[in-house]
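Student: Could you take me through one part of this structure closely? I would like to look at the ligand site and the spaces in the protein.

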Amino acid sequence: MSTVICVGPVYARELTLWYDKPANKGMNEALPIGNGKFGGLVYAGPLQERVVLNEISLWTGTEISTDDYAKMGSYQMLGELIVDVAPDAAAAAVQNYRRSLDLATAIHNVTYQSGGVTFRREAFASHPDGVMVLKFSADRPGACAGTVQLQGAHKETTAAAEGSLTFAGTLENGLNYEAKLLAIHDGGTLQAGDGKLEFKNCNSVTLLVAAGTDYALDYAHRYRSEKPHAAIEKLLPAAAAKNYDDLRAEHIAEYKSWFNRVALDVGATPADRLALPIDRRKVLHAENGGDPELEGLLFQYGRYLMISCSRPGGLPANLQGLWNDSNEPPWHSDYHANINIQMNYWPAEPANLAECHTTLFDLIGSQLEPWRKATAAEKRFATASGKSPGWAVRTSHGINGDQGWQWDIVANAWYCQHFWMHYAFSGDKIWLQSVAYPVMKETCEFWEVRLKALPAGHLVIPNGWSPEHGPQEDGVSYSQQIVWDLFNNYVAASGALGIDASYREKIAALRDKLLGPQIGKWGQLQEWMIDRDDPNDHHRHTSHLFAVFPGNWISIARTHEFAAAAKKSLIARGEAADSDVREWSFAWRCSLYARLHDAENAHRMVQSLLANRNTCLNLFGLHPPMQMDGNFGITAGVCEMLLQSHENEINLLPALPKCWPTGSVQGLRARGGFEVDIAWKDGQLTRATIRSKLGGPCRLRSGATTATLTTKPGGSYPLNAALQ
Ligand code: FUC
């Protein structure tokens, strides 16, 4: 059975992660649900449902800029929901157990049989209703019984009242938070007592959970606003007034308005493979390939996770997205500015979730003031005039003006690339002028005063660091490339807006004097000004290849020699099993190979990400315990394999691997305000459709064939293999 399911206007293949065993190791095995701000990891034990609850703004920390990581804030766990079902029959035999997460509907399911009864549970996090919903039901009337507990992760006392459980608290930094559960039963009884709810002889029980904090993306009010109590007290009764089927239908419809924008089909998996649970398919595929639907699912998982943890008005996905089962998560589950947070947002524009990208801009905007202050106070940033214009950021930061560990001096410029990207895909000049441009210009002002001239006249960034590799010194390639990217994008931005012409000329001149990429003694792209790269160095970062991806200083078409050197470096960096190459490294390498038009190696990265070394049972990126950058990064990598638009043209299928001979993709976005559908057969483009949002010329490429379309705003242009 090769299932093709209808997901609205387009068709996609099977998109269900399913397992025949409950989750044991939480972060690695439980399945994530989320409405962008509030979500949970669902463990799905047959006789106990446990959901680790998370609220994306539950952070410790206050304004600080320090090298001492420990002093920075940390993302916290909110609490957990525990439902012991059939507590009197814990020993009852369970048969045909199955838990699953359907990416097409964002609904988690559990089914099993016990004592001749089929039990069923559904769970989802609704964005339109702002609540998590869990329904426990059975096919025999009156068969549902159990106890419900809601526990905070900070030693709160839970209050049980008629049909509800509540806990609330205040973190050390004054952040107030609250969570509340309402239980609605059909038939039977429901009683409160001893901090729990107990239900008996019910036909079904529906639990509604809401949570919030008084966090606001607002430095002027020191990141605080209204306490969450009133909002929770509004959300829960409003949701309780609806019936379950309506809550479910509204959730699915709203979720699909995001998810269905892109459909991908890279081939059918044989029926015997498809019939296996994901954990088996994952191992078989990583070893032998042959499961294209799993690769399609991995691509869509990145989109699912983004829709579930990064919604406009909220916070961006942190190192673990939204999901966290500890108050001391690795790296504080922070925003890591030397690759990780950027990688999280690589797929946002091409994979048609641009609105999710705004969470990153809002967070940066809300932190600029404390970052400016910290920059001005930092001795190493003082200039000859004594002033330090602009802002910089350390490698790790939180959401309360707190940042820890080393300055990543070019992260400000890398953040600006995201502002530019958002404009480049949408063409929204009002947003460019009001939001992006001021940040980009201020960042140029930081950089223009601190470049150092070499004797030959080239400009270098002083005292940089190739993350987290080698010495701190002048002219590190990572720094050169990222500042070049900033200047280049700034010049384009001010040109597009027709403003600041003389400053634009100044920045263009500085850009053109920056020391460029250099090719070293073994033909590699140098990581440093000094030709010291070791061909046996398999470090996880590929910072010196920024200019290939996500930058575009180096390209196959324009700078072939440098592209060849970059490929040498990339191959040498490798992915050796005994190296520290991580899940996110594979994702970055995927996009790099795609940009170098090396389809087979790009695909190898996709396949390798599914190896147990790189992904957990629940397909989260495995960087003990987990990290989500690899999930987002691989979605971006697949986009780059199928469509590239960084060279002022839309390149269709620039890195199509042999094992995806026939397929299609609908709804990818390209720079210039285009949306693109592509179909191919036997490795060759068969047709494409370009939808133009803004109008204007559209340059197209398919291999050596090129064409230019004249488009109108709102126009749709079907093309054949000859681009006609
Ligand atoms: C970067 C990486 C590490 C890890 C950390 C959170 O610094 O070098 O591998 O992903 O971020």
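Tutor: We start at the ligand, then turn to a cavity and two pockets. This is a predicted model, in which local features need pLDDT of at least 70, side-chain atom pairs count only at pLDDT 80 or more, and totals for chains, interfaces and linings use all residues. Residues are numbered from 1 along each chain as its sequence is written, and side-chain values use heavy atoms, with hydrogens and water left out.

Which residues sit around the ligand? They are L319, W331, H336, N338, N340, E468, R540, H541, W584, H623 and Q627. A residue is near a molecule if one of its heavy atoms lies within 4 Å of it. By class, this shell has 3 nonpolar, 6 polar and 2 charged residues. Here Ala, Val, Leu, Ile, Met, Phe, Trp, Tyr, Cys and Pro count as nonpolar, Asp, Glu, Lys and Arg as charged, and the others, Gly among them, as polar.

Now look at the side chains that face ligand oxygen atoms. An N or O atom in the side chain of H541 is 2.7 Å from a ligand oxygen. For R540 that distance is 3.0 Å. For W584 it is 3.1 Å. The ligand has 290 Å² of accessible area on its own, and the protein covers 98% of that. Accessible areas come from the Shrake-Rupley method with a 1.4 Å probe.

Q627 belongs to the ligand shell. Its place is the loop between α15 (599-609) and α16 (629-642). Helices (H or I, at least four residues) and strands (E, at least two) are DSSP runs, numbered from the N terminus. Why does Q627 count as buried? Because its relative accessibility is 3%, and buried means under 20% relative accessible area (1.4 Å probe, protein chains only). The side chain of Q627 also makes a polar contact of 2.6 Å with the side chain of D629. A polar contact is a pair of N or O atoms within 3.5 Å; within protein, one must be able to donate a hydrogen and the other to accept it, and residues adjacent in sequence count only if both atoms are side-chain atoms.

N338 is another shell residue, and it also lines the largest cavity. On a 1 Å grid over the protein atoms alone, a cavity is a set of points where a 1.4 Å probe fits but cannot get out, and a pocket is an open set with protein on both sides within 12 Å along at least five of seven lines; lining residues have an atom within 4 Å of a point. The structure holds 8 cavities of 30 Å³ or more. The largest has about 90 Å³ of space. A volume is the space filled by probe spheres set on the points, with grid points joined across faces, edges and corners. Among the other residues that line this cavity are R380, W407, D408 and W465. Strands β23 (402-407) and β26 (464-466) each give two or more residues to the lining. That lining divides into 4 nonpolar, 6 polar and 2 charged residues.

Last come the pockets. The largest holds about 740 Å³. It is lined by 31 residues, and A424, S645, H646, N648 and R671 are the closest to its centre. The second largest pocket has a volume of about 520 Å³. Of its 24 lining residues, K37, E55, A211, G212 and T213 lie nearest the centre.

Note on methods:
Buried < 20%, exposed > 50% of the residue type's maximum accessible area, 1.4 Å probe, protein only.
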